[in-house]
Amino acid sequence: MTPIRMLRTALAAASAMMLLAGTAQAADGMDVASAKTIYSQGAKADYLAGYHMKKKVADCSTCHPNDKVTDSQSEIDKKCATCHGSYESLGKKDMAAGQKISAHAGHLSIDSCTTCHGGHEASFAYCNNCHIFDMPMKFGRQKIAYTPVDLSIYRDAMPNRTEKADFVVVGAGGAGIAAAIEASRKGLKTIVLEKMPIIGGSSLLSTGGMNVAGSKQQKAAGINDTPEMFTQDTLKVGKGTNDKVLVNVLTEQSNSALEWFEALGGKLDLDPGVYGGCQAPRMHYTKSGGIGRYMIKEMKPALEKSGADVRVNSQVVRLERDKNGAVTGVLVKGKNTGLYRISAPTVLLATGSYANNGKLVSKYHPEFFGMVTSAQPGSHGDGIYLGQDVGAKVTHLERVQVHPNIASGTSLMITLAMRTNGGILVNNKGQRFYNDNAPRNELGAAMLKQPAQKVWLIYDDAVVAKRPKVHQGYVRLGVVTEGDTPEALAKKLGLPAEEFAKTMKRYAGFVKAKNDADFGRKELPEPLNQGKIYAIDVVPAIGGTLGGLRTDARTHVLDNNGKKIPGLLAAGEVVGEWHGDDRYGGNAVAGNIVFGRIAAQEAAAAVGK
Ligand SMILES: Cc1cc2nc3c(=O)[nH]c(=O)nc-3n(C[C@H](O)[C@H](O)[C@H](O)COP(=O)(O)OP(=O)(O)OC[C@H]3O[C@@H](n4cnc5c(N)ncnc54)[C@H](O)[C@@H]3O)c2cc1C
């Protein structure tokens, strides 16, 4: 070992010890009673809890009714709401008071006050993990960084207690939630662990829609579509490198996934846009706005009703194994209760992507170093590590998607539906530069080659008419520039007006002639000369990741010899290969439900239910 490496190893070991010592202390009972003196005076009293105590409106036991602080902190949230009103009612109050955007009226399915308001620590508006709102909070600070934790420090850590369950779901995004609902309904004692303070993951953010072949919506619109056609298109976008077994499962079960969702009370419509080069419109969306926020909102009551035990602020840091290599449970780091073990015959990894793990991404793509991502702040790839640590096969971590359409200066992804429904991309010369409806990886790469990497998404009122809510949301966020004519818009954007107007006219001609002579775009739904014209300054960003764990058709995680690792399942974005080289937009949301449900069926089979 070189001296530097030795030093690094020693430092890592020391910080691991400190970390473990810290958690052990919490586990040993930094309970409310023993913290009384510390928390009533000094620096610790300078936050929101101290403020309440100084004002004599609350005491320790007011906010902590049973002298215990759970990881989810839901007992505290209930108390806040008793005095101040519910999250929803606060939001209504803020809006009634004329606030344009309120932290109490977001789209994240939050009902926990302590997601943003700290008691004995600084507060932080969670919204600003992705947006840049002016949200000064009492006792607030600017930014909490959710950085990846090196989970290897927990390899030899000891739990302070053990619980039991039939099924443990790691990660409460779309895949995890679908699995948990299904499993609990089958009578399995299901525990869902989510490391962030809220559920929903990146799934909350998906905006475009869900791909389904053979839906009643398609039939009503007279569209002929089959799982076989859906498979062909998925393989085409993925350049044939997809695991065909997984693709077939997805396409064959997509319609039953939609029906399952609709049986929960959701309702989706068919989007007329066609993803570049595909054979039929098959993206199903909601008129209410983004698909992800709608799905999570609809699934949340079903999750609660199902009886699944959902714990936020609870990170799985290790998989437990028996001597034969079978997974037997998880080690959890609870925010307030320390390290504990849950034993279960089946564990599902539904931990999402590694898009927000800059270190891992730039290991494969140094050129992406420092690039923003539109994924949720906790997308660190924990599941890849957890799986690998028990011998799972991991492939193609270099498959990182660069999306062409994140609003500049934010991590807000502008949905691809604005392009499939007619929008185009122009560079700072006011010119188109590529087939604007090409698969995203191609577009992302083309965009990186533009002068100063400056690109605008352009659309008009005819496109808006197809996705009005989504457009209105972008306007609310202040990312849209509008003009009455191309010249007027170009002036506002600082583009060469004459050239831009020429581009728009030329494009309208291509639409009329049904032939894009410049870039061969096949789907030409709109001439972009209807009503107002709009622009969003977009930059490339990491949209998601495609590499990950290998699974079979029934979500079993495979080892390097292609054998099942007993007790371990995976679903969602942590799984590799199903998208191949590039993901067909709309497949992820469908796959979450398809594979989440299969995982639940496998977990049920493991306990004979
Ligand atoms: C802005 C945006 C728009 C998108 N639009 C679309 C679209 O229109 N259509 C489409 O099909 N796809 C879309 N996608 C992709 C799609 O949303 C994701 O691929 C998919 O939702 C991932 O679901 P998931 O359940 O696997 O992961 P997630 O929803 O990310 O959930 C994983 C959860 O696991 C948690 N977790 C991670 N590690 C741990 C741990 N160690 N312990 C406990 N919990 C852990 C995470 O915090 C997270 O909450 C979009 C993605 C983004 C970011």
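User: How many salt bridges does a search of the whole structure find?
Analyst: The model is a predicted one. A salt bridge here needs a side-chain nitrogen of Lys or Arg within 4 Å of a carboxyl oxygen of Asp or Glu. Searching the whole structure on that basis, the number of salt bridges found is 30.

User: How many residues apart are K300 and D111 in the chain?
Analyst: K300 forms a salt bridge with D111, and their closest N and O atoms are 3.1 Å apart. The pair links distant parts of the chain: K300 belongs to helix α11 (residues 291-306), while D111 is in the loop between α6 (87-96) and β1 (162-164). The separation along the chain is 189 residues.

User: Is K300 buried or exposed?
Analyst: The relative accessible area of K300 is 15%. Buried means under 20%. Therefore K300 counts as buried.

User: Which residue meets D225 in a salt bridge?
Analyst: The N to O distance in this salt bridge is 2.8 Å. The pair links distant parts of the chain, with D225 in the loop between α8 (216-220) and α9 (227-237) and its partner in the loop between β5 (269-270) and β6 (283-285). D225 is buried, at a relative accessible area of 7%, and the partner is buried too, at 1%. That partner is R282.

User: Which residues are linked with R161 and E163 in a network of salt bridges?
Analyst: E163 and R161 form a salt bridge, with 3.8 Å between the closest N and O atoms. R161 is partly exposed, having a relative accessible area of 29%. The network of salt bridges that holds R161 and E163 also links D309 and R311.

User: Which residues touch the most other members of the largest nonpolar core?
Analyst: The largest nonpolar core has 109 residues. Helix α20 (residues 587-606) gives the most to this core, with 10 residues. The members that touch the most others are M210 and V330.

User: Which residues of β8 (314-321) are in contact with V330?
Analyst: Neighbours of V330 within four places in sequence are left aside. The contacts of V330 include V168, V170, L193, Y340 and I342. Strand β8 covers 314-321, and the contacts of V330 in that range are V316, R318, L319 and E320.

User: How many residues are in the second, separate core?
Analyst: This core includes V464, L495, M504 and Y507. The number of residues in the second core is 38.

User: Which element gives the largest share of the shell around the ligand?
Analyst: The ligand is surrounded by 38 residues, and the closest are E194, S203, G208, E573 and V589. At least two residues of the shell come from each of α7 (174-185), β8 (314-321) and α20. The largest share is four residues, and the element that supplies it is α20.

User: How much of the ligand's accessible area does the protein cover?
Analyst: A backbone N or O atom of V589 lies 2.8 Å from a ligand oxygen. Side-chain N or O atoms also lie 3.0 Å from a ligand oxygen in Q376 and 3.1 Å from one in N592. On its own the ligand has 1,000 Å² of accessible area, and the share covered by the protein is 98%.

User: Which helix do the buried residues of α5 pack against?
Analyst: Helix α5 (residues 74-84) has E75, I76 and D77 as its buried residues. After α5 comes G85, with a positive phi near 100 degrees. The helix that the buried residues of α5 pack against is α4 (60-63).

Key
Residues are numbered from 1 along each chain as its sequence is written. This is a predicted model: local features need pLDDT of at least 70, side-chain atom pairs count only at pLDDT 80 or more; totals for chains, interfaces and linings use all residues. Side-chain values use heavy atoms; hydrogens and water are left out. Buried means under 20% relative accessible area, exposed over 50%, partly exposed in between (1.4 Å probe, protein chains only). Contact means heavy atoms within 4.5 Å. A nonpolar core is a set of buried Ala, Val, Leu, Ile, Met, Phe, Trp, Tyr and Cys residues joined through side-chain atoms within 4.5 Å. A residue is near a molecule or strand if one of its heavy atoms lies within 4 Å of it. A polar contact is a pair of N or O atoms within 3.5 Å; within protein, one must be able to donate a hydrogen and the other to accept it, and residues adjacent in sequence count only if both atoms are side-chain atoms. Accessible areas come from the Shrake-Rupley method with a 1.4 Å probe; for residues, only the protein chains shown count as cover.
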